[in-house]
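Colleague: I have the model open next to the sequence. Can we go through it briefly?

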Amino acid sequence: MSKIRLYLQDTVNELLHKVSWPTWAELQSSAIVVMIASLIIALIIFVMDSAFSGFMSTLYKMFV
């Protein structure tokens, strides 16, 4: 039980004194970058899925 307690104390100490937390402005700018990148990737996947769906639909119509 003492090992668990020591582990938790070390964890709290590290989170409070050794970790450099971002400022609110840095956090907001990082969040905006992640949102824009996510939207771009989602758009790329949507376009690829639509193109593949159209291709497969055409292919099925040719052989059925």
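Modeller: One definition to begin: the radius of gyration here is taken over C-alpha atoms, and the globule rule is 2.2 Å times the number of residues to the power 0.38. Keep in mind that this is a predicted model.

Colleague: What radius of gyration does the chain have, against that of a compact globule of 64 residues?

Modeller: By the rule, a compact globule of 64 residues would come out near 11 Å. The C-alpha atoms of this chain fill a box of roughly 70 × 35 × 10 Å along the principal axes. The radius of gyration of the chain is 25 Å.

Colleague: How many helices and strands make up the secondary structure?

Modeller: Strands come to zero. Helix α2 covers residues 24–63. The count of helices is two.

Colleague: What share of the 64 residues counts as buried?

Modeller: Buried means under 20% relative accessible area. The chain exposes about 6,300 Å², with 74% of it from carbon and sulfur atoms. Of the 64 residues, the buried share is 2%.

Colleague: Which residues make the nonpolar surface patch?

Modeller: The patch has an area of about 600 Å². One of its members, Met35, lies in helix α2. The full set is Ile32, Met35, Ile36, Ile40, Ile44 and Met48.

Colleague: Is serine 50 buried, partly exposed or exposed?

Modeller: Serine 50 sits in helix α2. Its relative accessible area is 37%. Buried needs under 20% and exposed needs over 50%. Serine 50 therefore counts as partly exposed.

Colleague: And why is threonine 58 classed as it is?

Modeller: Threonine 58 is also a residue of helix α2. The class in between runs from the 20% limit to the 50% limit. Threonine 58 is partly exposed because its relative accessible area is 46%.

Colleague: How far apart in space are threonine 58 and leucine 6?

Modeller: Take another pair beforehand: serine 50 and valine 19 are 31 residues apart in sequence and 44 Å apart in space, C-alpha to C-alpha. Threonine 58 and leucine 6 are 52 residues apart along the chain. Their C-alpha atoms are separated by 64 Å.

Colleague: What distance lies between the centres of the positive and negative side chains?

Modeller: There are 4 positive and 4 negative side chains. The centres of the two sets lie apart by 10 Å.

Conventions
Residues are numbered from 1 along each chain as its sequence is written. This is a predicted model: local features need pLDDT of at least 70, side-chain atom pairs count only at pLDDT 80 or more; totals for chains, interfaces and linings use all residues. Side-chain values use heavy atoms; hydrogens and water are left out. Patches are made of residues with over 30% relative accessible area and no salt bridge: like charges are joined within 9 Å, nonpolar side chains (Val, Leu, Ile, Met, Phe, Trp, Tyr) within 5 Å. Accessible areas come from the Shrake-Rupley method with a 1.4 Å probe; for residues, only the protein chains shown count as cover. A salt bridge is a side-chain nitrogen of Lys or Arg within 4 Å of a carboxyl oxygen of Asp or Glu. Helices (H or I, at least four residues) and strands (E, at least two) are DSSP runs, numbered from the N terminus. Buried means under 20% relative accessible area, exposed over 50%, partly exposed in between (1.4 Å probe, protein chains only). Lys and Arg count as positive and Asp and Glu as negative; His and the chain ends are not counted. The place of a charge is taken as NZ of Lys, CZ of Arg, CG of Asp or CD of Glu.
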